[in-house]
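Q: Please take a close look at a single residue in this structure, and then place that residue in the setting of the whole chain.

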Amino acid sequence: MKIKPIRNEKEYQIALARLEEIFDAQKGTEAGDELEIIAILIDTYEKENFPIGMPDPIEAIKFRMEQMGMKQKDLAEIIGFKSRVSEVLNKKRKLTLDMIRKLNLALHIPTEVLIQEY
């Protein structure tokens, strides 16, 4: 087992191929240890080279509403007034700190997502 850091796309592809080869390795075996280490190296490389940005706050609200089967009137019960909800969802009104707190509690959307500029 020769393991080294992943520094470029070619090494990344080689690591992915090796991971696929030993994917069913049993824990506690040499191949199982190699699998675990390669998975960590791949994860680190991907986090550094393919970061996933935060979603747009309004899109996150819409997505969560869809997941929960909510309508605009349901959101109005959380942040107040249907017209305010419409303005927020159409990006004509910014979220206030109070709205962010309520949305975080009710929809479980992280505050880091809700406080972003849009």
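A: In this predicted model, Thr44 has a relative accessibility of 36% and therefore counts as partly exposed, since that class lies between buried, under 20%, and exposed, over 50%. Thr44 belongs to helix H2, which covers residues 30–49. Although Pro5 is 39 residues away from Thr44 along the chain, the C-alpha atoms of Thr44 and Pro5 are separated by 9.5 Å.

Turning from the residue to the chain, one finds 7 helices and 0 strands, so that the order of elements from the N terminus reads α-α-α-α-α-α-α. The chain is more spread out than a compact globule, because its radius of gyration is 22 Å, well over the 13 Å that the globule rule gives for 118 residues. Along the principal axes, the C-alpha atoms occupy a box of roughly 65 × 30 × 20 Å.

As for burial and contacts, 29% of the 118 residues in the chain are buried, a class to which Thr44, being partly exposed, does not belong. Of the contacts between residues at least 6 apart in sequence, 54% join residues at least 24 apart.

The surface completes the picture: the chain exposes about 8400 Å², and carbon and sulfur atoms supply 53% of that area. The chain also carries 19 positive and 21 negative side chains, with the centres of the two sets lying 10 Å apart.

How values were computed
Residues numbered from 1 in each chain as written. Predicted model: local features only at pLDDT ≥ 70, side-chain atom pairs only at ≥ 80, totals over all residues. Heavy atoms only, no water. Helix = DSSP H or I, 4+ residues; strand = E, 2+ residues; numbered from the N terminus. Rg over C-alpha atoms; globule rule 2.2 N^0.38 Å. Buried < 20%, exposed > 50% of the residue type's maximum accessible area, 1.4 Å probe, protein only. Contact = heavy atoms within 4.5 Å. Areas by Shrake-Rupley, 256 points an atom, 1.4 Å probe, with all protein chains shown as cover. Lys, Arg positive; Asp, Glu negative; His and termini not counted. Charge placed at Lys NZ, Arg CZ, Asp CG, Glu CD.
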